[in-house]
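Reader: Got a minute to walk through this one with me? I'd like to go over the sheet, the core and the charged pairs.

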Amino acid sequence: MKIQVVNRGHQPLPAYATPLSAGLDLRANLTEPVELKPLERRLIPTGLHIALPAGYEAQVRPRSGLALKHGLTVLNSPGTVDADYRGEIGVVLINLSQEPFVVNDGERIAQLVIARHEQAEFIEVEQLDETERGEGGYGHTGVK
């Protein structure tokens, strides 16, 4: 799949780290480092604008290494970039650790997964069909 991209930043275009990677690495496009204090959240720019085909979205997801080693994650995970959005892709990072974290220019801060999606049409009804599960929700199946 080919995706048009305008790079208004100074970082290279997103790339897959390995041949079988699902996510492309997104890099911070900064003029100066950004410090995230514990529990602080910030919108980190990437400089990237994309045009996705209809029926696709781009999901902004955390990087597992940053989450494990530094407690840094994408707050609205996954963030969705719609096919008709033409603005800059930003990454909402939050520091869930007890220590400040400095985001440097060019740092890989998130990954972008391109995914197909469907659009649904809701049809209002008076009653839903019965299932074995019924209304059993959060934790209803127990711990085993």
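Author: Sure. One term before we start: contact here means heavy atoms within 4.5 Å. And keep in mind that this is a predicted model.

Reader: Fine. With that in hand, which residues does Val 91 touch, leaving out those up to four places away in sequence?

Author: Val 91 touches Leu 26, Arg 42, Leu 43, Ile 44, Thr 46, Val 60, Val 74, Ile 109 and Ala 110, once residues up to four places away in sequence are left out.

Reader: And which residues touch the most other members of the largest nonpolar core?

Author: Val 91 is one of them, along with Leu 26, Ile 44, Val 60, Leu 93, Val 103 and Ile 109. The core has 25 residues.

Reader: Which elements give two or more residues to that core?

Author: They are β3 (24-27), β4 (34-36), β6 (48-51), β7 (56-61), β8 (72-74), β10 (90-95), β11 (101-103) and β12 (108-116). β12 gives the most, with three residues. As background, nonpolar side chains tend to be buried together in soluble globular proteins.

Reader: OK, switching to the sheet. What's the strand order in the open one?

Author: Five strands, in the order β2-β3-β12-β7-β9, with antiparallel pairing.

Reader: Why is one side of β2 and of β9 left without a neighbour in the sheet?

Author: β2 and β9 (79-81) stand at the edges and each has a single partner strand, so one side of each has no neighbour in the sheet.

Reader: Take me across it. How many bridges between β3 and β12?

Author: Four, in the antiparallel sense. Leu 24 has Leu 112 in β12 as its bridge partner, and Arg 27 has Arg 108 in β12.

Reader: And how many join β7 to β12?

Author: Six, with the two strands running antiparallel. Ala 58 is partnered by Ile 114 of β12, while Arg 61 stands opposite Gln 111 of β12.

Reader: What about β7 to β9, how many bridges there?

Author: Three, again with the strands antiparallel. Val 60 has Gly 79 in β9 as its bridge partner.

Reader: Is β7 mostly covered or mostly open?

Author: Mostly covered: five of its six residues are buried.

Reader: Now charges. How many salt bridges does the count come to?

Author: Four. In one of them, Arg 108 pairs with Asp 25, and their closest N and O atoms are 3.1 Å apart. That pair links distant parts of the chain, since Arg 108 is in strand β12 and Asp 25 in strand β3, 83 residues apart.

Reader: Is Asp 25 buried or exposed?

Author: Asp 25 counts as buried because its relative accessibility is 14%, and the cut-off for buried is under 20%. Arg 108 is partly exposed, at 32%.

Reader: Which residues are linked with Arg 108 in a network of salt bridges?

Author: Asp 25 and Arg 63 are the ones linked with Arg 108 in that network.

Reader: Which other side chains meet in a salt bridge?

Author: Glu 35 and Lys 37 do, at 3.5 Å from N to O. Glu 35 is partly exposed with a relative accessible area of 38%, and Lys 37 is partly exposed at 46%. Then there's Glu 40 with Arg 42, at 3.9 Å from N to O. Glu 40 is partly exposed at 23%, and Arg 42 is partly exposed at 36%. Arg 42 also turned up among the residues that Val 91 touches.

Reader: What about the surface? Which residues make the nonpolar patch?

Author: Ile 123, Val 125 and Leu 128 make it, and it covers about 340 Å². Leu 128 lies in the segment after β12 and is exposed, with a relative accessible area of 64%.

Reader: Last one, Pro 12. Where is it?

Author: Pro 12 is in the loop between β1 (4-7) and β2 (15-16). Pro 12 counts as exposed because its relative accessibility is 52%, and the cut-off for exposed is over 50%.

Reader: Which residues does Pro 12 touch, with the same sequence neighbours left out?

Author: Asn 7 and Arg 27, not counting residues up to four places away in sequence. Arg 27 is the residue whose bridge partner in β12 is Arg 108.

Note on methods:
Residues are numbered from 1 along each chain as its sequence is written. This is a predicted model: local features need pLDDT of at least 70, side-chain atom pairs count only at pLDDT 80 or more; totals for chains, interfaces and linings use all residues. Side-chain values use heavy atoms; hydrogens and water are left out. Buried means under 20% relative accessible area, exposed over 50%, partly exposed in between (1.4 Å probe, protein chains only). A nonpolar core is a set of buried Ala, Val, Leu, Ile, Met, Phe, Trp, Tyr and Cys residues joined through side-chain atoms within 4.5 Å. Two strands pair if DSSP finds at least two bridges between them. Patches are made of residues with over 30% relative accessible area and no salt bridge: like charges are joined within 9 Å, nonpolar side chains (Val, Leu, Ile, Met, Phe, Trp, Tyr) within 5 Å. Accessible areas come from the Shrake-Rupley method with a 1.4 Å probe; for residues, only the protein chains shown count as cover. A salt bridge is a side-chain nitrogen of Lys or Arg within 4 Å of a carboxyl oxygen of Asp or Glu.
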